[in-house]
Amino acid sequence: MLIFEWVVGVLFGAVLLAGVARRLGAPYPAFLALGGVGLAFVPGVPNLRLDPELALALFLAPVLLDAGFDASVRDLKENWRPVFGLAVGAVAVTTLAVAVVARLVVPDMPLSACIVLGAVVAPPDAVAALAVLKHAPMPHRLATILRGESLLNDAASLLIYRLGVTAAMAGTFHPAEVAPAFLLGVVASLVVGPCLGLLFVAVTRRVTDPASAIVMQFVAAFGIWLAAERLELSGVLTIVTFAVTVARWAPGITAPRARVISYAVWDTAVFVLNVLAFVLIGIQIDPIRERLSGADAWQALILAGATFATVVLTRLAWVLPTTGIRGFGLRQAGAPARLGPGLALSWAGMRGIVTVAAALALPAQFPYRDLVVVTAFVTVLGTLIVQGLTLRPLLAHLRLEDDDPVGRETGWARAAAYEAALESLADAEDEPATDALRAEFRAALAEAEAHDEGLAPESLPADAARRRAVEAARDAVLALRRQGRIGDDAYYLLEEEFDWAELSATPRAET
């Protein structure tokens, strides 16, 4: 019972911290990390432990599935150079730089453990950066690069991580023996993921019940990760390619009701997983703090500070020199070389749940595990606070220009959708309701034709009136319920009908 009460308190505290973060326009993982630090000093905290073998599956499988589902294949193709450079090049350079620093600070630390530390802190976290971008938008192209990087850099860092952990635990490492199976696993993951995605779409296309559909999504996330690990494939690559494939084929066959509900469920799941990750690592910090005393504690602080500085400076050194290189892809053709985009992109490299999960997943017998866990947590905390809290004012100061490609494409597509809707009514019977609907679409298309770029309006002409009417209808039904003239069952049924009617008339920005 005590643990249950403690969990309720932690979740309530996390909601409060997230609310503060939203008010400040800061990434909520930064405040969750601070909450995790606070737990390390709270007496009587339950001694919760997570099996290291389950850490990556629990935290990364759903997070990567959610991120992969939102990925744009077209945008990734158009920006493959900077995405590849950051997801592979920056991860490799950061891993190497951190390993060198760790070896200098702790000469007795095995090279394999130094490399594992570098791989743990190398991948930035998109959840933190995108939380800031909701309040201070970044140009669409830079945001696309950031999302693509965070989707693929996990694969690069965790592949290095796996090899390093294997070498550290075995005491020896022979690349010639590992390379063939390693490359085969990577290639197989790129094949198995899409195949499983197509199979999942075929199996679930007739599942219209929202609860069943969402449960199937979570089953797929954890099941595919565990199966990939059991077959010695890359869980990250398998999950990401699976999610991208499902995202391409599922929208046309997924029931709208299930899709709307699943978005809310997955947002909640990612939030709870972030809370759990920072709570678990915060709990581990206290016993580690007790074990590290005297010279060991100072050594841990020096290594943590040096690693944090190395992570930040390495990303700046990797991104800024390439800002003006057209072949790298950060600079668009015909555009002058500017430092602002590179500075914004490099400063958005906050670490988060991937780093925390990788640290928690280290075996108990891993050499210098306490040192790695503390360093990883300090690096996450440092980047989230220093970069996360300053990214918004930095973007405001840089005033990066954005030609709003998403807005333009949305306006064009909306006009095409309105035209198709109007054509579908051509053979409908002439009734007052049908005529009114035709008039709405004709008015919207007329506004699009008058627009310089042919962009259709976000709302249909009657949407504002429709919202007022739905609100009045809802108030009337609520009054009937309070008077006892209708029961709760009837009220909830009507409430759902009015909710859907209002959502159909409300632009996404207002929901």
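The protein carries 39 positive and 49 negative side chains. The centres of these two sets lie 5 Å apart. The model in which these charges are placed is a predicted one.

The overall form comes next. The secondary structure consists of 20 helices and zero strands. Along its principal axes, the C-alpha trace spans about 85 × 65 × 45 Å. A compact globule of 511 residues would have a radius of gyration near 24 Å, and the value for this protein is 26 Å, which agrees. The accessible surface comes to about 25,500 Å², and carbon and sulfur atoms account for 64% of that area. Of the 511 residues, 46% are buried. Contacts within the chain can also be sorted by separation in sequence. Among those between residues at least 6 apart, 80% join residues at least 24 apart.

Helix α15 shows what burial looks like for a whole element. The helix covers residues 353-360, and eight of its eight residues are buried, so it is largely enclosed by the rest of the structure. The buried residues run through Ile353, Val354, Thr355, Val356, Ala357, Ala358, Ala359 and Leu360. They pack against α3 (52-70), α6 (111-121), α8 (140-170), α12 and α16.

Two of these partner helices each hold a residue that can be followed in detail. In α12, which covers residues 256-291, one finds Asn274. Its relative accessible area is 0%, so Asn274 is buried. Leaving aside residues up to four places away in sequence, Asn274 touches Tyr28, Pro29, Leu32, Val127 and Ile353. The last of these, Ile353, is one of the buried residues of α15. In α16, which covers residues 369-398, the residue to look at is Gln387. Gln387 has a relative accessibility of 2% and therefore counts as buried. With the same neighbours in sequence left out, Gln387 touches Val312, Ser346, Trp347, Gly349, Met350 and Gly382.

The loops on either side of α16 deserve a look at their backbone angles. Most residues other than glycine have a negative phi. Tyr368, in the loop between α15 and α16, has a positive phi of about 60° although it is not a glycine. Arg399, in the loop between α16 and α17, is also not a glycine and has a positive phi of about 50°. How exposed are these residues? Tyr368 counts as partly exposed because its relative accessibility is 32%, while Arg399 counts as exposed because its value is 70%.

Beyond the second loop lies helix α17, residues 405-424, which contains Glu409. At 33% relative accessibility, Glu409 counts as partly exposed. The C-alpha atom of Glu409 is separated by 8.3 Å from that of Leu455, a residue 46 places away along the chain.

Cysteines are the last topic. A disulfide is a covalent bond between the sulfur atoms of two cysteines. How many disulfides does the structure hold? The count is zero. Two cysteines can be placed by their accessibility. Cys114 has a relative accessibility of 0% and so counts as buried, whereas Cys195, at 48%, counts as partly exposed.

Terms used: Residues are numbered from 1 along each chain as its sequence is written. Side-chain values use heavy atoms; hydrogens and water are left out. Helices (H or I, at least four residues) and strands (E, at least two) are DSSP runs, numbered from the N terminus. Buried means under 20% relative accessible area, exposed over 50%, partly exposed in between (1.4 Å probe, protein chains only). The radius of gyration is taken over C-alpha atoms; the globule rule is 2.2 Å times the number of residues to the power 0.38. Contact means heavy atoms within 4.5 Å. Accessible areas come from the Shrake-Rupley method with a 1.4 Å probe; for residues, only the protein chains shown count as cover. Lys and Arg count as positive and Asp and Glu as negative; His and the chain ends are not counted. The place of a charge is taken as NZ of Lys, CZ of Arg, CG of Asp or CD of Glu. A disulfide is a pair of cysteine sulfur atoms within 2.5 Å.
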